[in-house]
Amino acid sequence: MGMEVPMAQLPHLLLKPGDLPEFVLVPGDPKRAEKIASSFDGAVQLAANREYHTFRGAYRGVDVAVTSAGVGAAGAVIAYEEAIRAGARTLIRVGTAGSISDTVLAGDLVVVVGAARGEGVSRQLVPLEMPAVADPDVTAALWAACQASGGRAHRGLGLTVDAFYRGVLDFGFETYSAAGAVCVEMECSALFVVGAMRRIRTGAVVAIDGDARAAASGEHDPHRDLVRQAVDREIRVALDAVVRLAQV
């Protein structure tokens, strides 16, 4: 008999293939990952390395995990790719965003159905002509969960960018808003592109922390109480969506 070859550990998440279940939530903030895991039954921390903190457990009988992905698309793509290699087949972003719409207010939730690819990493993965679109089943489950949550929520297009603080170039928020985008954040388009490439399902729900158009002018002042409540609600929404998807 030959010797058994051990499975290689993934270099950033410090996980191995098979460590993750089908459903994985991917917030940016490690503290939010820990908060999400506090809702799990039998939660255990699988690994912690840099910004990547991973927990696994169950929610209403469904195996689920959470891995924080940090700030920005390039680092987040590392988490997405390695989570897929570790077993994830549905990735749901649970994040925050700024509004670029007069009808989307601080404390609201947005289910992002697709995103303009203003970040750089996805351009190194697929041609820019390829769209960044969430999985329709994940989007439907998130929207149903939002409606059941009883708070203000929207479905719409997002804009994903790399630069948080404004530089010499204009982000063109008004241009994207006029074309139908309702929020701006830093990971969705990369997540959706990776999902399409790897043939897995992706979706995103984000809590609005204020008006990004004011923030771009140096007036960013997140509505912290509203955001805290909205993040709590989006966590419940994402976990509810997982349960809905598991029942299909």
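Which residues does G70 touch, not counting residues up to four places away in sequence? The close-ups below start there; keep in mind that this is a predicted model.

**View 1. G70 in the loop between β4 and α2.** Setting aside residues up to four places away in sequence, G70 touches P27, G28, E51 and E187. G70 counts as buried because its relative accessibility is 8%, and the cut-off for buried is under 20%. For a distance to check in your viewer, try G70 to Y52: the two are 18 residues apart in sequence, and their C-alpha atoms are 6.9 Å apart in space.

**View 2. Helix α2 alongside helix α5.** Here we have residues 73-85 (α2) and residues 188-198 (α5), with axes 10 Å apart and a packing angle of about 30 degrees. Angles under 35 degrees count as roughly parallel, and α2 and α5 are therefore roughly parallel to each other. The crossing of this pair, α2 and α5, is right-handed. On the α2 side, the contact is made by A73, V77, Y80, E81, I84 and R85, and on the α5 side by A190, L191, V194 and R198. Sorted by class, the contact of α2 with α5 comes out as seven nonpolar, no polar and three charged residues.

**View 3. Helix α1 crossing helix α7.** Now for another helix pair: α1 covers residues 30-37 and α7 covers residues 224-246. Their axes come within 11 Å and cross at roughly 55 degrees. That makes α1 and α7 oblique to each other. As for handedness, α1 passes α7 in a right-handed crossing. R32, K35 and I36 are the α1 residues making the contact, while α7 brings V231, D232, E234 and I235. The class split for the contact of α1 with α7 is three nonpolar, no polar and four charged.

**View 4. T202 in strand β9.** Strand β9 spans residues 201-211, and T202 is found in it. With a relative accessible area of 2%, T202 is buried. Once you leave aside its neighbours within four places in sequence, T202 is in contact with L91, V133, A134, D135, V138, L191, F192 and G195. One of these, L191, also turns up on the α5 side of the contact between α2 and α5.

**View 5. T90 in strand β5.** T90 is found in β5, which runs over residues 90-99. What is T90 in contact with, leaving aside its neighbours within four places in sequence? The list reads E22, F23, V24, V138, R201 and L245. V138 is also among the contacts of T202. T90 counts as buried, at 1% relative accessibility.

**View 6. Positive phi at R50 and R60.** Most residues other than glycine have a negative phi, so a couple of arginines are worth a look. R50 has a positive phi of about 55 degrees although it is not a glycine. You'll find R50 in the loop between β2 (41-49) and β3 (52-59), and it is exposed, with a relative accessible area of 68%. R60, also not a glycine, has a positive phi of about 50 degrees. Follow the chain to the loop between β3 and β4 (62-67), and that's where R60 lies. R60 counts as exposed too, at 56% relative accessibility.

**View 7. The aromatic pair F164 and Y165.** The structure holds one aromatic pair, so this view covers it. How far apart are the ring centres of F164 and Y165, and at what angle are their planes? The centres are 4.9 Å apart and the planes are at 80 degrees, so the pair is edge-to-face. F164 is partly exposed, with a relative accessible area of 49%, whereas Y165 counts as exposed at 69% relative accessibility.

**View 8. L14 in the segment before β1.** Strand β1 covers 23-25, and L14 lies in the segment before it. L14 is partly exposed, its relative accessible area being 29%. Beyond its neighbours within four places in sequence, L14 is in contact with Q9, A47, A48 and N49. L14 and Q124 are 110 residues apart in sequence, and the C-alpha to C-alpha distance between them is 25 Å.

How values were computed. Residues numbered from 1 in each chain as written. Predicted model: local features only at pLDDT ≥ 70, side-chain atom pairs only at ≥ 80, totals over all residues. Heavy atoms only, no water. Axes fitted to C-alpha atoms, helices over the stretch in contact; angles between N-to-C directions. Helix = DSSP H or I, 4+ residues; strand = E, 2+ residues; numbered from the N terminus. Parallel < 35°, antiparallel > 145°, perpendicular 65-115°, else oblique. Left-handed = near helix turned anticlockwise from the far one by under 90°. Contact = heavy atoms within 4.5 Å. Nonpolar A, V, L, I, M, F, W, Y, C, P; charged D, E, K, R; others polar. Buried < 20%, exposed > 50% of the residue type's maximum accessible area, 1.4 Å probe, protein only. Phe/Tyr/Trp six-rings, centres within 6.5 Å; stacked < 30°, edge-to-face > 60°.
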